[in-house]
Amino acid sequence: MKTTGFSNELKMEVVVGAFMVMVFLGLGYFTSILARERWFGPKYTIEVVFQHIMGLRDGDNVVVRGMPVGKVTELVLKKDGVHVLANLEQKLKIREKYKVSIVSTSILGGRYMQVEEGPEGNAEIPPGTVLDGQQPYDLMAEAADIVHELKVSLVGG
């Protein structure tokens, strides 16, 4: 039985369509691998209030003991400060005398939010509590102040 031109075109379109679907699935898979984000599994949210976030952005890492455990998901400016919401991949035991700070990763402007859970023997803070963040240390501002003071003392005035 001889196939017609229409039948050959249909076969070719099905093959090309299947190939394109496979390409898009592969791109989606590699994108999720490169993003290093778990889409499935539990997420734990923490909220921290800072007076100044020194350039922290959505998508920046949340780090505990040097290990990334989540990402900053939202920044909200309110009257009492900047509320930083973060999704964590594992539950943390935040205890009294905890520290949450913003740390520079480089002089070029990278940042991450560092969480120190607090001493082992202290009482655990209930989940859902809004945490207080520490004032970030801005190395560049400190260096600029020192250069300005040096200039004033040398030039006089």
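**Strand pairing, core and loops in a predicted model**

Let me start with one pair of residues: Gly70 stands opposite Leu88, which is in β4. Before going on, note that this is a predicted model.

The Gly70 and Leu88 pair belongs to the pairing of β3 with β4, two strands that run antiparallel and are joined by eight bridges. The connection between β3 and β4 is a hairpin of two residues.

On the other side of the chain order, β3 also pairs with β2. That pairing is antiparallel too, with four bridges, and in it Val63 stands opposite Pro68 of β3. This hairpin again has two residues between the strands, and Arg65 takes a positive phi near 50° there. I will come back to Arg65.

Now β1. Its pairing with β4 is antiparallel and runs over seven bridges. Within β4, the residue opposite Phe50 is Val82. β1 also pairs with β7, residues 130–132; here the strands run parallel and three bridges join them. Val48 has Leu131 of β7 as its bridge partner.

That leaves β6. What is the direction of β2 and β6, which three bridges join? They run parallel, and Val64 has Val115 in β6 as its bridge partner. With β5, by contrast, β6 runs antiparallel, over six bridges. There, Val100 stands opposite Val115. So much for the pairs; the hairpin of β5 and β6 has six residues between the strands, and Gly109 in it takes a positive phi near 120°.

Next, the core. Which residues have the most contacts inside the largest nonpolar core? The core has 23 residues, and the ones with the most contacts are Phe50, Val62, Val84, Val100, Met113 and Val115. At least two core residues come from each of β1 (44–50), β2 (61–64), β3 (67–78), β4 (81–88), β5 (99–104) and β6 (111–116). The most come from β4, which gives four.

Several of these names have already come up in the pairing: Phe50 opposite Val82, and Val100 opposite Val115. Met113 is a useful residue to click on. Leaving aside residues up to four places away in sequence, Met113 touches Ile46, Val48, Phe50, Leu56, Asn61, Val62, Val63, Val84, Ala86, Val100 and Ser101. Among these contacts are Phe50, Val62, Val84 and Val100, which are also in the list of core residues with the most contacts.

Now the loops, beginning with Glu117. It sits in the loop between β6 and β7. Is Glu117 buried or exposed? Its relative accessibility is 11%, so Glu117 counts as buried. Its side chain makes a polar contact of 2.6 Å with the side chain of Arg65. Not counting residues up to four places away in sequence, Glu117 touches Val64, Arg65, Leu92, Lys93, Ile94, Arg95 and Tyr98.

The partner, Arg65, is in the loop between β2 and β3. Arg65 has 74% relative accessibility and therefore counts as exposed. The polar contact therefore joins a residue that counts as buried, Glu117, to one that counts as exposed, Arg65.

As for the backbone, why look twice at a positive phi outside glycine? Because most residues other than glycine have a negative phi. Arg65 is one case of a positive value in a residue other than glycine, with phi near 50°. Lys97 is another residue that is not a glycine and has a positive phi, about 70°. Lys97 lies in the loop between β4 and β5, and at 70% relative accessibility it counts as exposed.

Two items remain. One is helix α2, residues 139–155. It has 17 residues and spans 24 Å from first C-alpha to last, close to the 24 Å expected at 1.5 Å a residue. How many of the 17 residues of α2 are buried? The number is zero, so α2 lies largely in the open. Just after α2 comes Gly156, with a positive phi of about 75°.

The other item is the aromatic pair; the structure holds one. The ring centres of Tyr29 and Phe30 are 5.3 Å apart with the planes at 70°, so this pair is edge-to-face; the cut-off for that label is over 60 degrees. Phe30 has 53% relative accessibility and so counts as exposed.

That is what I have.

How values were computed:
Residues are numbered from 1 along each chain as its sequence is written. This is a predicted model: local features need pLDDT of at least 70, side-chain atom pairs count only at pLDDT 80 or more; totals for chains, interfaces and linings use all residues. Side-chain values use heavy atoms; hydrogens and water are left out. Rings of Phe, Tyr and Trp (its six-membered ring) pair if their centres lie within 6.5 Å; planes under 30 degrees apart count as stacked, over 60 as edge-to-face and the rest as tilted. Buried means under 20% relative accessible area, exposed over 50%, partly exposed in between (1.4 Å probe, protein chains only). A nonpolar core is a set of buried Ala, Val, Leu, Ile, Met, Phe, Trp, Tyr and Cys residues joined through side-chain atoms within 4.5 Å. Contact means heavy atoms within 4.5 Å. The expected span of a helix is 1.5 Å times one less than its number of residues. Two strands pair if DSSP finds at least two bridges between them. A polar contact is a pair of N or O atoms within 3.5 Å; within protein, one must be able to donate a hydrogen and the other to accept it, and residues adjacent in sequence count only if both atoms are side-chain atoms.
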